[in-house]
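Good morning, everyone. Please bring up the sequence and the model, and keep both in view while I talk.

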Amino acid sequence: MIRRLLIAPVRFYQAFISPLFPPSCRYQPTCSTYMIQAIEKHGLKGLLMGLARISRCHPWSETGEDPVPDHFSLKANRK
């Protein structure tokens with residue numbers, strides 16, 4: 001139940017806000033998809049992981065694959 005409440009605003013963003021802007025994702029999966037996967041896998045801690053991922057997304061960061069790790073971590077999980 002709580003996971004659905006945490007995921008709902010991300011789904012709203014994906015459906016109504018994200019399409020208004022050109023694609024500019026630096027990572028795979030995108031930050032919104034990462035947030036959903038992290039919440040599904042880690043619950044409330046996944047929200048923290050998603051926020052940490054968003055904070056890493058800036059013009060000077062590296063790009064590439066950064067999947068959700070199996071264990072809770074606020075660090076990048078580069079492949």
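Let's start with one serine. Set aside its neighbours within four places in sequence, and S32 is in contact with V10, Y13 and Q14. Keep in mind that this is a predicted model. Where does S32 sit? It is found in helix α2, which covers residues 31–42. Is S32 buried or exposed? It is buried, because its relative accessible area is 15% and the cut-off for buried is under 20%.

Now stay on helix α2 and move to I36. Again leave out neighbours within four places in sequence. I36 is then in contact with I7, V10, R11 and Q14. So V10 and Q14 come up for S32, and again for I36.

That takes us to the core. Which residues make up the largest nonpolar core? There are six: L6, I7, V10, M35, I36 and I39. Helix α1, residues 2–17, supplies at least two of them, and so does α2. As background, nonpolar side chains in soluble globular proteins tend to be buried together.

Next, the third helix. L51 lies in α3, residues 44–56. L51 counts as partly exposed, because its relative accessibility is 47% and that class runs between 20% and 50%. Look across to Y34 as well. L51 and Y34 are 17 residues apart in sequence. In space, their C-alpha atoms are 9.8 Å apart.

On to the cysteines. How many disulfides are there? The count is zero. Let's see why, one cysteine at a time. A disulfide needs two cysteine sulfur atoms within 2.5 Å. Take C25. The closest cysteine sulfur belongs to C31, and the distance is 6.8 Å, so that is too far for a bond. Now take C31. The closest cysteine sulfur to C31 is in C57, at 4.3 Å, and that is also too far for a bond. Their surroundings can be compared too. C25 is exposed, with a relative accessible area of 52%. C31, at 18%, counts as buried.

One last stop, at a proline. P29 lies in the loop between β1, residues 27–28, and α2. Which form does the peptide bond from Q28 to P29 take, cis or trans? It is cis, with omega near -5°.

To recap: α1 and α2 both supply residues to the largest nonpolar core, the disulfide count is zero, and the bond from Q28 to P29 is cis. Thank you.

Conventions
Residues are numbered from 1 along each chain as its sequence is written. This is a predicted model: local features need pLDDT of at least 70, side-chain atom pairs count only at pLDDT 80 or more; totals for chains, interfaces and linings use all residues. Side-chain values use heavy atoms; hydrogens and water are left out. Helices (H or I, at least four residues) and strands (E, at least two) are DSSP runs, numbered from the N terminus. Buried means under 20% relative accessible area, exposed over 50%, partly exposed in between (1.4 Å probe, protein chains only). Contact means heavy atoms within 4.5 Å. A nonpolar core is a set of buried Ala, Val, Leu, Ile, Met, Phe, Trp, Tyr and Cys residues joined through side-chain atoms within 4.5 Å.
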